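Biologist: Before the assignments in this chain are accepted, I should like to hear the criterion behind each of them. Please set every value against its definition.

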Amino acid sequence: MNTNLLYKTCIGCAIALIIAALVGGVIYYAPEPDDTHEYSDSPWDPNAPKHPVTINSTPSLPFVDSGRKDQAGNPIGVRCNTCHSSKEPNLTLNNGALLHEFHQGLHYAHGGMNCVSCHNPDDYESLRLANGESIPFSETIQLCAQCHGTQYRSYRDGSHGGMTGYWDLSKGPRQRNTCTDCHSAHAPAYPKVMPVFPPKVREGSKLPSQH
Ligand code: HEC
Ligand code: HEC
Ligand code: HEC
Ligand code: HEC
């Protein structure tokens, strides 16, 4: 066989292969007719009834734990106003380390604000917004939102604060965390990655300084 013929045969084969591939590809990718496609059994219906979105509420009640338990083993709480209804509020306190009479050990690191930036000095069993409005502890999220509008808006749009359940509320309900599920109200910085011990040096290997 001379080289010219071999060359032509190869070109011929290559062209045939390319044509076969193109035809095959077109057949393979041919769209199926509309009435047979498989996703049509549950189309998204914007008017379908919606399941609710529930936001966890702050579990905290206006009690401090007395450290004692009742006969059934439940912790005994002491209401804030047991002590505070007869006590002048300290409007300037802004440092947990200055608490000597009670609430010792309360870790506070939140922008150096006074306690009464959030607590209602007229009724310590509630919180107070900057406009003077009093809100229950269960609505803490409103308190955070007034100073952290950016994060609150991201939270509302779903990009901050996480969620479980369904995006499509016609399929099922959705649950949202509240701010204090992740941030302590008193020391809100989100914990950084846990510190760990440095990796162990295996027996027989040298420490860098021994090189
Ligand atoms: C057993 C009594 C007692 C109870 C119950 C109690 N407190 Fe207090 N609280 C005190 C005392 C005493 C101080 C002052 C401590 C100090 O300055 O050393 C104080 C201080 C405070 C302060 C700092 C500002 C200020 O007015 O001195 C805040 C805020 C506060 N308490 C909130 C609360 C809240 C909220 C609760 C309920 C969840 C509560 N307390 C329950 C006794 C109590
Ligand atoms: C940024 C707002 C904010 C500030 C500032 C603040 N608190 Fe609170 N505090 C809260 C919220 C909200 C709760 C309810 C508990 C929760 O959601 O974790 C609470 C709960 C408490 C409680 C009852 C629960 C507990 O931890 O024993 C006490 C007591 C208290 N605060 C005292 C203080 C004192 C004293 C200061 C100042 C040193 C202070 N708080 C500053 C928002 C605040
Ligand atoms: C009255 C205004 C005010 C309220 C109410 C308030 N904050 Fe803050 N927050 C601040 C200030 C001021 C800082 C400090 C900003 C700084 O240091 O740059 C801060 C800082 C923070 C930080 C960053 C902490 C860090 O060190 O990285 C978080 C998280 C936070 N707040 C969460 C909350 C949450 C959750 C609530 C509701 C319980 C809340 N804040 C309520 C004013 C507020
Ligand atoms: C599921 C947990 C979670 C919830 C719920 C949550 N956050 Fe955060 N937040 C975080 C994490 C994680 C960070 C980032 C911490 C970091 O980068 O160090 C953060 C950061 C922040 C900061 C500091 C931003 C900065 O740039 O320093 C603020 C302020 C804040 N969150 C406010 C809020 C408020 C207000 C709410 C409620 C509306 C909320 N967060 C709910 C997890 C949460």
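Modeller: A residue is near a molecule or strand if its C-beta atom, placed from the backbone, lies within 6 Å of it. The model is predicted, so local features need pLDDT of at least 70 and side-chain atom pairs count only at pLDDT 80 or more, whereas totals for chains, interfaces and linings use all residues. Residues are numbered from 1 along each chain as its sequence is written, while chains are lettered from A and ligands numbered from 1 in the order in which they are written.

Biologist: Which residues come nearest to ligand 1, and how many are around it?

Modeller: There are 19 residues around ligand 1, and those that come nearest are Cys-80, Cys-83, Asn-90, Glu-101 and Cys-115. The elements giving two or more residues to this shell are β2 (63–69) and α2 (80–84). The most come from α2, with four residues.

Biologist: What makes a run of residues a helix or a strand here?

Modeller: Both are DSSP runs, numbered from the N terminus: helices are H or I with at least four residues, and strands are E with at least two. By that rule the chain has five helices and seven strands, in the order α-β-β-β-α-β-β-α-α-β-β-α from the N terminus on.

Biologist: How does the shell around ligand 1 divide by class?

Modeller: Ala, Val, Leu, Ile, Met, Phe, Trp, Tyr, Cys and Pro count as nonpolar, Asp, Glu, Lys and Arg as charged, and the others, Gly among them, as polar. The shell around ligand 1 then has 12 nonpolar, six polar and one charged residues.

Biologist: Which residues are closest to ligand 3, and what classes does its shell hold?

Modeller: Ligand 3 is surrounded by 17 residues, the closest being Gly-111, Cys-144, Cys-147, Pro-188 and Ala-189. Two or more residues of this shell come from each of α3 (140–147) and α5 (179–182), and α3 has the largest share, five residues. By class, the shell around ligand 3 divides into nine nonpolar, eight polar and no charged residues.

Biologist: Why does Leu-127 count as buried?

Modeller: A residue is buried if 20 or more other C-beta atoms lie within 10 Å of its own, exposed if 12 or fewer, and partly exposed in between, with C-beta atoms placed from the backbone. Leu-127 has 23 C-beta neighbours inside 10 Å and therefore counts as buried. Leu-127 lies in strand β4 (residues 127–128). Across the chain, buried residues make up 4% of the 211 residues.

Biologist: Which residues does Leu-127 touch?

Modeller: Two residues are in contact if their C-beta atoms, placed from the backbone, lie within 7 Å. Leaving aside residues up to four places away in sequence, Leu-127 touches Cys-118, His-119, Asn-120, Ile-135, Phe-137, Thr-140 and Leu-143.

Biologist: Why is His-103 called exposed, and why is His-186 called partly exposed?

Modeller: His-103 has 11 C-beta neighbours inside 10 Å, so it counts as exposed. His-186 has 14 other C-beta atoms within 10 Å and is therefore partly exposed. His-103 is in the loop between α2 and β4, whereas His-186 is in the segment after α5. His-186 touches Leu-106, His-107, Tyr-108 and His-110, not counting residues up to four places away in sequence. His-186 and His-107 are 79 residues apart in sequence, with C-alpha atoms 6.7 Å apart.

Biologist: What is notable about the phi of His-103?

Modeller: Most residues other than glycine have a negative phi. His-103 is not a glycine, yet its phi is positive, about 60°.

Biologist: How do you know that β2 and β3 pair?

Modeller: Two strands pair if DSSP finds at least two bridges between them. Four bridges join β2 to β3 (residues 75–79), and these strands run antiparallel. The bridge partner of Phe-63 in β3 is Arg-79, and Val-64 stands opposite Val-78. In the hairpin of these strands, with five residues between them, Gly-73 takes a positive phi near 90°. The count of buried residues among the seven of β2 is zero.

Biologist: What makes β1 and β6 edge strands?

Modeller: The open sheet of three strands has the order β1-β7-β6, with mixed pairing. Strands β1 (53–55) and β6 (163–165) each pair on one side only. Three bridges join β1 to β7 (residues 174–176), and the two run parallel; Ile-55 has Arg-176 as its bridge partner in β7.
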